[in-house]
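Trainee: Could we take a close look at a single part of this model and follow what surrounds it?

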Amino acid sequence: AVGPKLVQYVVKVIVQAIQLLYTMLTIDQPSYILLQNPPGLPGIAVAWVACLFWRSKLIIDWHNYGYTIMSLNHGRNHPLVQIAKWYEKLFGRLSDYNLCVTNAMKEDLWVNCNIKAVTLYDKPASYFKETPLELQHRLYVKLAKDYEPFKPRYVSNAERSAFTEMDEKNGHVIKTRGRPALLISSTSWTEDEDFSVLLKALEAYERYINEGVKLPSLVCVITGKGPLKDYYNGLINKLHFKHIQICTPWLEAEDYPLLLGSADLGVCLHKSSSGLDLPMKVVDMFGCCLPVCAIYFECLHELVKHNENGLIFRDSNELAEQLKMLFLGFPTLEGKLHNFRENLRASKQLRWDESWDQTVLPLLG
């Protein structure tokens with residue numbers, strides 16, 4: 001951390017390149033090197049050099065463009081961003097095979113970079129699925145030890161959480177009467193997700209309840225960690241809701257899919273820096289048959305089908321209206337939320353390993 005930031009950055013890239021190249025040249029000879037981009041600086045160049053050494057084939061798996069992510073901080077015309085753009089295009093053309101996550105990105109790679117790619121949609125792993133009620137209860141009771149929104153509204157002899165209770169007579173788990181709705185969103189707390197949109201929508205939701213609209217109280221769980229978490233936690237702490245509770249836990253890896261499979265609605269605020277990638281969090285939510293409200297960007301329709309498996313919104317006002325419509329009469333009325341979940345159950349999505357076998361194995365002969 002000495003000298004100008006540009007010098008620090010260049011030194012960091014050089015050191016990483018040397019470390020990575022040394023590591024890759026000391027492994028057993030591979031037939032293929034598969035690299036996910038981003039991050040691609042210096043990874044793509046190092047992998048290409050290693051492939052020359054090993055006489056291996058290089059496969060780049062494009063999930064986004066690194067230079068568009070850099071542009072969020074520096075602007076599109078910054079020299080570093082322009083260098084990164086040239087670098088990605090060059091080594092993309094030098095690779096043997098290219099995979100990408102949307103048809104929109106496939107077209108962009110071909111038209112603007114002369115790179116021929118195959119679309120491999122992200123798919124959920126097999127452990128992303130609906131959570132049985134008994135497992136939901138165990139998870140809620142576990143989370144209630146650390147997080148206030150999961151604690152029961154009143155104390156009783158039965159084992160309870162805010163959402164479930166265990167029947168003392170037969171040991172069966174049931175959902176509590178008048179339970180709150182559980183809304184979940186996950187984030188890396190970066191510039192490409194504006195969580196003020198959700199916070200403003202929640203303020204409007206609180207107003208609806210105060211005006212007499214028959215809506216349930218809401219528990220909003222925002223998972224993940226990242227650079228802007230403290231900033232948004234500061235905003236959350238300034239909100240004084242009566243009917244909404246917000247918590248921002250860091251979940252253990254095995255608990256995250258269980259919570260997705262237990263929730264009533266997912267919210268996605270991911271706006272692609274390139275407009276060409278799809279949010280993995282929505283893929284995982286759909287694996288759990290969890291309906292989603294997602295903020296609009298250009299190719300989102302390749303994943304979220306509006307009014308079929310979820311809803312697409314453009315601003316906080318539209319999101320607030322969607323929350324009101326979906327949760328009206330919850331949990332007794334089976335409206336659009338129920339229909340979306342049934343559509344997801346009926347869709348029988350491919351899982352990751354099946355998608356890989358169908359799309360990638362033919363490339364590898």
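Mentor: Let us take Val 292, bearing in mind that the model is predicted: leaving aside residues up to four places away in sequence, Val 292 touches Leu 265, Gly 266, Cys 268, Val 282, Met 285, Phe 286, Asn 309, Gly 310 and Leu 311. Val 292 belongs to strand β11, which covers residues 292-295, and because its relative accessible area is 1%, below the 20% cut-off, Val 292 counts as buried. Between Val 292 and Ser 185 there are 9.5 Å from C-alpha to C-alpha, although 107 residues separate the two in sequence.

For the wider setting, an unreviewed UniProt entry lists residues 178-326 as "domain: Glycosyl transferase family"; over residues 178-326 the chain is 33% helix and 19% strand, with the end C-alpha atoms 16 Å apart.

Turning to the nonpolar interior, the largest core has 37 residues, of which Leu 198, Ile 246 and Phe 327 touch the most other members, and helix α7, residues 196-210, supplies the largest share of this core with nine residues. Apart from that core lies another, of 36 residues, including Leu 143, Val 219, Leu 251 and Ile 312. Leu 198 itself, again not counting residues up to four places away in sequence, touches Cys 220, Ile 222, Val 267, Leu 269 and Leu 319.

As a counterpoint to Val 292, consider Leu 6 in helix α1, residues 5-25, which counts as exposed because its relative accessibility is 51%. Together with Val 10, Ile 14 and Ile 18, Leu 6 forms a nonpolar patch on the surface, with about 380 Å² of accessible area in total.

Technical notes:
Residues are numbered from 1 along each chain as its sequence is written. This is a predicted model: local features need pLDDT of at least 70, side-chain atom pairs count only at pLDDT 80 or more; totals for chains, interfaces and linings use all residues. Side-chain values use heavy atoms; hydrogens and water are left out. Helices (H or I, at least four residues) and strands (E, at least two) are DSSP runs, numbered from the N terminus. Buried means under 20% relative accessible area, exposed over 50%, partly exposed in between (1.4 Å probe, protein chains only). Contact means heavy atoms within 4.5 Å. UniProt positions are given in the numbering used here, feature names are shortened, and annotations may be inferred rather than shown by experiment. Patches are made of residues with over 30% relative accessible area and no salt bridge: like charges are joined within 9 Å, nonpolar side chains (Val, Leu, Ile, Met, Phe, Trp, Tyr) within 5 Å. Accessible areas come from the Shrake-Rupley method with a 1.4 Å probe; for residues, only the protein chains shown count as cover. A salt bridge is a side-chain nitrogen of Lys or Arg within 4 Å of a carboxyl oxygen of Asp or Glu. A nonpolar core is a set of buried Ala, Val, Leu, Ile, Met, Phe, Trp, Tyr and Cys residues joined through side-chain atoms within 4.5 Å.
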